[in-house]
Amino acid sequence: MKDEADSESRGLGDAAQPPRAGKAGRTTAPEGLRAAPLPAAPREPMEPAEGAEEERPVQCPVCLRELPGADINAHLDRCLQAGGAEAEPPSKRPRLAAAPPGSQAEGQPEEARPAAASPVFSLFHKGRGGGQSPADAGRDEAAAPPGHGCAAAPCGDSLAQKLQGKPLAERLRPDTLGSYVGQERVLGAQTLLRSLLESHEIPSLILWGPPGCGKTTLAHIIANSSKKNGMRFVTLSATSAKTNDVRDVISQAQNEKRLFKRKTILFIDEIHRFNKSQQDTFLPHVECGTVTLIGATTENPSFQVNAALLSRCRVIVLEKLSAEAMEAILMRAVRFLGLQVLGQGDQHGTPATGSGSKSSELPVYIEEKALNTLAYLCDGDARTGLNGLQLAVQARIAVGRTTPLNTTAKGGAADGILVTEEHVKEGLQRSHILYDRAGEEHYNCISALHKSMRGSDENASLYWLARMLEGGEDPLYVARRLVRFASEDIGLADPLALTQAVAAYQGCHFIGMPECEVILAQCVVYFARAPKSIEVYRAYGNVKECLRMHTGPLPPVPLHLRNAPTRLMKNLGYGKGYKYNPMYKEPVEQDYLPEELKGTDFFKERET
Ligand SMILES: Nc1ncnc2c1ncn2[C@@H]1O[C@H](COP(=O)(O)OP(=O)(O)OP(=O)(O)O)[C@@H](O)[C@H]1O
């Protein structure tokens with residue numbers, strides 16, 4: 001899950017730190033403040049080794065202490081973070097969080113650690129099924145040609161190498177707006193957001209959209225371009241960051257702004273996971289421009305983001321990627337992997353696309369139909385689509401079964417590995433139970449769950465619940481249905497059911513998947529076992545029907561039921577004759593329905 005992937009991420013990523021020197025692991029101070037010996041003019045080949053320079057004492061331009069050249073940059077970072085009052089020895093104060101005990105980084109000098117346990121994340125380690133070491137990520141990032149997307153595997157690598165390690169979706173994350181597919185409505189040529197991004201005027205933004213539609217990717221692109229323009233880009237994940245982490249980031253941003261006039265962009269993934277008071281922490285700083293906030297959320301920000309914060313941000317609504325956009329993303333992956341596409345017409349014939357992998361490997365073909373199906377089934381979630389493709393290809397290579405193919409274009413028969421529609425469906429099922437979250441399957445499964453609970457079949461209820469959750473359904477969608485069920489089907493037979501459902505909804509909201517699955521399971525079983533009553537549901541339906549069938553003007557509210565706050569209203573007879581029930585010992589004879597509906601019983605079953 002994403003939470004776990006995130007918690008594996010390193011601390012201050014490239015994006016979060018001041019620019020780095022060429023040497024891995026050493027942080028450097030911003031240009032204006034770096035001490036003289038380090039950014040020296042390009043060195044002649046015969047110049048003394050770098051270490052000699054690093055021995056020389058250098059004065060810290062912030063606190064004016066003298067330190068060995070080798071320590072100055074690490075010291076300067078700490079000094080800035082401490083608001084110019086850095087007084088502790090370097091080893092005592094971690095940047096934001098210490099490496100976990102026993103981790104590889106423990107015992108290394110602070111500035112050389114990847115800070116794996118820090119809750120401040122690099123953008124580049126996100127994603128389900130991540131599993132890549134922070135150190136690797138740093139290398140990949142450095143090695144990647146901008147906008148290319150083949151971050152960890154140069155295109156000359158074999159197919160097996162390209163499929164190893166980092167998930168395909170991560171490798172192919174676009175770096176530039178040019179390679180960002182779809183989302184024309186908000187990022188098309190003439191849109192405001194595009195012109196703002198192109199002119200590097202980044203407003204505070206909330207990116208709202210379904211999983212895998214490109215929220216993090218857009219933030220990644222903004223990070224790239226803002227770093228080139230001298231801005232800082234810091235990433236926090238709301239799933240693990242604490243209020244103190246936010247405060248650290250803010251204080252660093254204040255120092256950067258005060259000392260270097262350098263702007264900070266703060267990206268908060270899953271911002272809806274921050275509670276209101278955490279969101280309040282950065283409100284004043286967004287307002288006064290210390291930080292530009294970019295939040296990403298899959299939840300409706302009107303409910304999940306502090307209203308005051310929301311009013312200071314532009315909400316960008318990203319949509320599910322269309323099947324065409326998905327096809328474009330998949331084709332990019334196909335080219336990257338060097339697969340060859342078999343067109344519809346030439347079943348086992350002309351390869352339509354693909355540059356081919358290393359010549360020693362068997363060529364891998366994929367049916368065009370398989371790509372179309374994948375583009376459709378991943379339901380606008382590019383991560384799911386790319387993971388599905390990766391798994392299907394990996395599985396075929398692992399099986400190693402070759403298919404004789406008529407390579408008619410080359411005028412002969414050859415062997416190759418063929419990935420078919422069935423294989424990609426299988427690939428999808430492994431990573432993501434085949435479940436169309438937008439289409440019929442979504443409605444079929446929720447209907448089956450509803451009916452199973454109504455029929456008090458606890459086994460079937462749990463089964464349909466799991467089908468949906470394992471298939472990637474939004475737990476809050478299921479929770480909303482449970483709230484409905486509590487009133488519609490259980491009603492007054494067990495009024496506590498509604499409390500259970502609302503509590504389940506809130507529980508899911510607080511902790512998210514996968515932990516919230518048990519909350520839903522508990523509620524579903526409670527509902528399957530609960531007594532059922534549709535009395536209120538039906539009676540209310542009867543009232544609605546009565547209103548719908550009424551012809552002519554609706555009857556007026558009887559005068560005795562009206563409130564009479566003014567003398568004029570009293571004079572008009574409002575409230576006249578009303579019997580205030582608590583004043584009577586016996587039940588009161590009084591009409592509450594309009595005259596023409598007198599005696600109507602909505603609770604009596606109606607013929608429809
Ligand atoms: N618009 C896009 N153009 C090209 N590739 C995309 C696009 N959107 C997503 N992708 C691909 O899908 C992967 C996942 O996308 P991303 O992490 O941006 O999704 P997200 O909206 O942040 O999802 P989540 O809410 O689940 O975090 C990316 O690594 C990238 O390879």
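1. Helices are DSSP runs of H or I with at least four residues, numbered from the N terminus. With that in mind, one can say that in this predicted model the helices α6 (168–171), α9 and α16 (382–399) each supply at least two residues of the shell around the ligand.

2. The shell itself deserves a careful look, since 25 residues surround the ligand, and the closest are Pro 211, Gly 214, Thr 216, Thr 217 and Ala 382. Sorted by class, the residues of this shell comprise eleven that are nonpolar, nine that are polar and five that are charged.

3. Helix α9 (residues 215–228) turns up again beside the sheet, on which it packs while touching β3 (205–208), β4, β5 and β6, and its direction makes about 160° with that of β6.

4. What is the order of the strands in the open sheet? The five strands follow the order β4-β5-β6-β3-β7, and their pairing is parallel. The edge strands, each of which pairs on one side only, are β4 (232–237) and β7 (314–317), and from one strand to the next the twist averages 20°.

5. Within this sheet, strand β5 (residues 264–269) and strand β6 (residues 291–297) run parallel and are joined by six bridges; a reader who wants to find this pairing in the structure can look for Ile 265, which stands opposite Thr 292 in β6.

6. A pair of helices packs elsewhere in the chain: the axes of helix α20 (residues 475–490) and helix α21 (residues 496–511) come within 8 Å and cross at roughly 175°. Because angles over 145 degrees count as roughly antiparallel, α20 and α21 are therefore roughly antiparallel to each other. Residues of α20 including Leu 476, Leu 482, Val 483 and Ile 490 meet residues of α21, among them Leu 498, Val 502, Tyr 505 and Cys 508. By class, this contact of α20 with α21 has 14 nonpolar, three polar and one charged residues.

7. Confidence should be weighed before any detail is trusted, for the protein averages a pLDDT of 73, with 67% of the residues scoring at least 70. Confidence is lowest in helix α4 (residues 134–143), at a mean of 31, and highest in helix α22 (residues 516–529), at 97. The model as a whole scores ipTM 0.98 and pTM 0.53.

8. Two stretches call for caution. Over residues 1–54 the pLDDT is below 50, although this stretch has 108 contacts in the model beyond near neighbours in sequence. Over residues 83–155 the pLDDT stays under 50 as well, and here the model has 168 contacts beyond four places in sequence. Where pLDDT is low, the predicted coordinates should not be read in detail.

Notes: Residues are numbered from 1 along each chain as its sequence is written. This is a predicted model: local features need pLDDT of at least 70, side-chain atom pairs count only at pLDDT 80 or more; totals for chains, interfaces and linings use all residues. Two strands pair if DSSP finds at least two bridges between them. Axes are lines fitted to C-alpha atoms, for helices over the stretch in contact, and angles run from 0 to 180 degrees between N-to-C directions. Two residues are in contact if their C-beta atoms, placed from the backbone, lie within 7 Å. A residue is near a molecule or strand if its C-beta atom, placed from the backbone, lies within 6 Å of it. Ala, Val, Leu, Ile, Met, Phe, Trp, Tyr, Cys and Pro count as nonpolar, Asp, Glu, Lys and Arg as charged, and the others, Gly among them, as polar. pLDDT is the predictor's confidence in each residue, from 0 to 100. Angles under 35 degrees count as roughly parallel, over 145 as roughly antiparallel, 65 to 115 as roughly perpendicular and the rest as oblique.
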